[in-house]
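Biologist: I would like a close look at a single part of this protein. Please take one helix, go through its residues, and then say something about the salt bridges and the surface.

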Amino acid sequence: MNYYRPLYFFVLGWVVILSTETFPLLGLINGLGQLLLFAGVVCLPVWRTGRMCYVDIGWPWGLVLMGGVSYLYSDGYWLRSLTVTVLVILVGLRMGLGALNMWRLGLLNKEFPRYQYQRRRWQRDGKTNVGLALQVDAIAQGLANASFLALPVFIIAANRSASFSVFELVGLVIWLLAFTMESVADLQKSRFLREMKQAGNKHQVCNVGFWRYCRHPNYFAEWMVWNGLVIAALPSWFLLQDKENTIIWLLLGAGLLFTSRLMYITLVYGTGAIPSEHYSLKKRHGYKGYQEQTNRFFPGPRRSSP
């Protein structure tokens, strides 16, 4: 059983960044920083507690680290570099501050359902060394910050042009709309759960606001946040053609596309929609009907129950 397989693709992505003419220093500093952050904030607590939920602290604060490294060590146009730094730091702070609050409230003393579901996968795949599987998954998320998730940020921040492309503006608008949607969706769900708890009926299905149009609007919006960054990175990627070896340049472009795919797979199949719904079906009355009426990931009109 190859426990280390989840690491291979991320290591390859990091190697590509280190092999460029433009990003070797950025890639090295960010990569080592991510590994040190995850070692202390994620891997050590996971080893001591056997709980994977500390990734929810390490991953977003890794984004904050990535943004800071990008701004300090990129040599692109200052306004573009500052803009993408602010965007990625906001993404990290929104989730990172929430994770620290959960830790303060003691909510990390119990494993999250999405990580409980991961153990079911390991059991299905014959992975009996749970401690090793936990560490590999934790390191994989740190390597994601060192590789594919860093690509759009680094590529945008390296662009020295003082003029902005239509694609960059479109990407920025998509990011703003998606970030707003994600924040509002989280507030809507928090308010709904608080009201249901006060009414003594805390296992009801949240179907208000954005949650009426898809079952996971927060995950969809998070995916679109990264799609906005990928779209904004395309003009800067084209400009790298004269600086990079053709093969490396094409790999960087493929890496940008894979960033979108990676986030989609994670948010639907990895630690997102499917693990969440496995437990929602068990504990939330009426969730089956909610599934029949409401799209899982992409927002759309509600359907009539069969």
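Modeller: What follows looks at helix 5 and then moves outward to other parts of the chain. Keep in mind that this is a predicted model.

Helix 5 covers residues 113-124, which makes 12 residues. At 1.5 Å a residue, a helix with this number of residues should span 16 Å, and the end C-alpha atoms of helix 5 lie 17 Å apart, which agrees.

Which residues of helix 5 are buried? They are Tyr-115, Tyr-117, Gln-118, Arg-121 and Trp-122. Viewed down the axis of helix 5, these buried residues fall within an arc of 155 degrees, so they line one face of the helix. A general point helps here: an α-helix has 3.6 residues a turn, so residues three or four places apart point the same way. The cover over the buried residues of helix 5 includes helix 3 (55-73), helix 6 (130-146), helix 10 (246-270) and helix 11 (273-283). On the other side of helix 5, Gln-123 and Arg-124 are exposed. After helix 5 comes Gly-126, which has a positive phi, near 80 degrees.

Next come the salt bridges. Side chains of opposite charge can pair when their charged atoms come close. In the whole structure, a search finds eight salt bridges. One of them joins Arg-124 to Asp-125, at 3.1 Å from N to O. Arg-124 has a relative accessibility of 62% and therefore counts as exposed, since the cut-off for that word is over 50%. Asp-125, at 33%, counts as partly exposed. Arg-119 forms a salt bridge with Glu-111, and their closest N and O atoms are 3.8 Å apart. Here Arg-119 is partly exposed, at 30% relative accessibility, while Glu-111 is buried, with a relative accessible area of 10%.

Another salt bridge is made by the side chains of Arg-215 and Glu-277, at 2.7 Å from N to O. Arg-215 lies in the loop between helix 8 (166-198) and helix 9 (217-239) and Glu-277 lies in helix 11, so the pair ties together parts that are 62 residues apart in sequence. Both partners count as buried: Arg-215 has 9% relative accessibility, and Glu-277 has 6%. Elsewhere, Arg-94, Glu-182 and Asp-186 are linked in a network of salt bridges.

Last, the surface. A nonpolar patch of about 1,000 Å² is formed by residues including Leu-25, Tyr-71, Trp-78, Leu-82, Phe-164 and Leu-169. Helix 3 and helix 4 (78-104) are the elements that give two or more residues to this patch. Helix 4 gives the most, with five residues.

Two residues of helix 4 show how exposure can vary along a helix. Trp-78 is found in helix 4, and at 52% relative accessibility it counts as exposed. Arg-80 also has its place in helix 4, but Arg-80 is buried, with a relative accessible area of 2%. Leaving out residues up to four places away in sequence, Arg-80 touches Ile-156, Asn-159, Arg-160, Ser-161, Ser-163, Phe-164, Glu-168 and Ser-236. Phe-164, one of these contacts, is also one of the residues in the nonpolar patch.

Key: Residues numbered from 1 in each chain as written. Predicted model: local features only at pLDDT ≥ 70, side-chain atom pairs only at ≥ 80, totals over all residues. Heavy atoms only, no water. Helix = DSSP H or I, 4+ residues; strand = E, 2+ residues; numbered from the N terminus. Expected span 1.5 Å × (residues − 1). Buried < 20%, exposed > 50% of the residue type's maximum accessible area, 1.4 Å probe, protein only. Arc of directions from axis to C-beta. Contact = heavy atoms within 4.5 Å. Patch = residues over 30% accessible without salt bridge, like charges linked within 9 Å, V, L, I, M, F, W, Y side chains within 5 Å. Areas by Shrake-Rupley, 256 points an atom, 1.4 Å probe, with all protein chains shown as cover. Salt bridge = Lys/Arg side-chain N within 4 Å of Asp/Glu carboxyl O.
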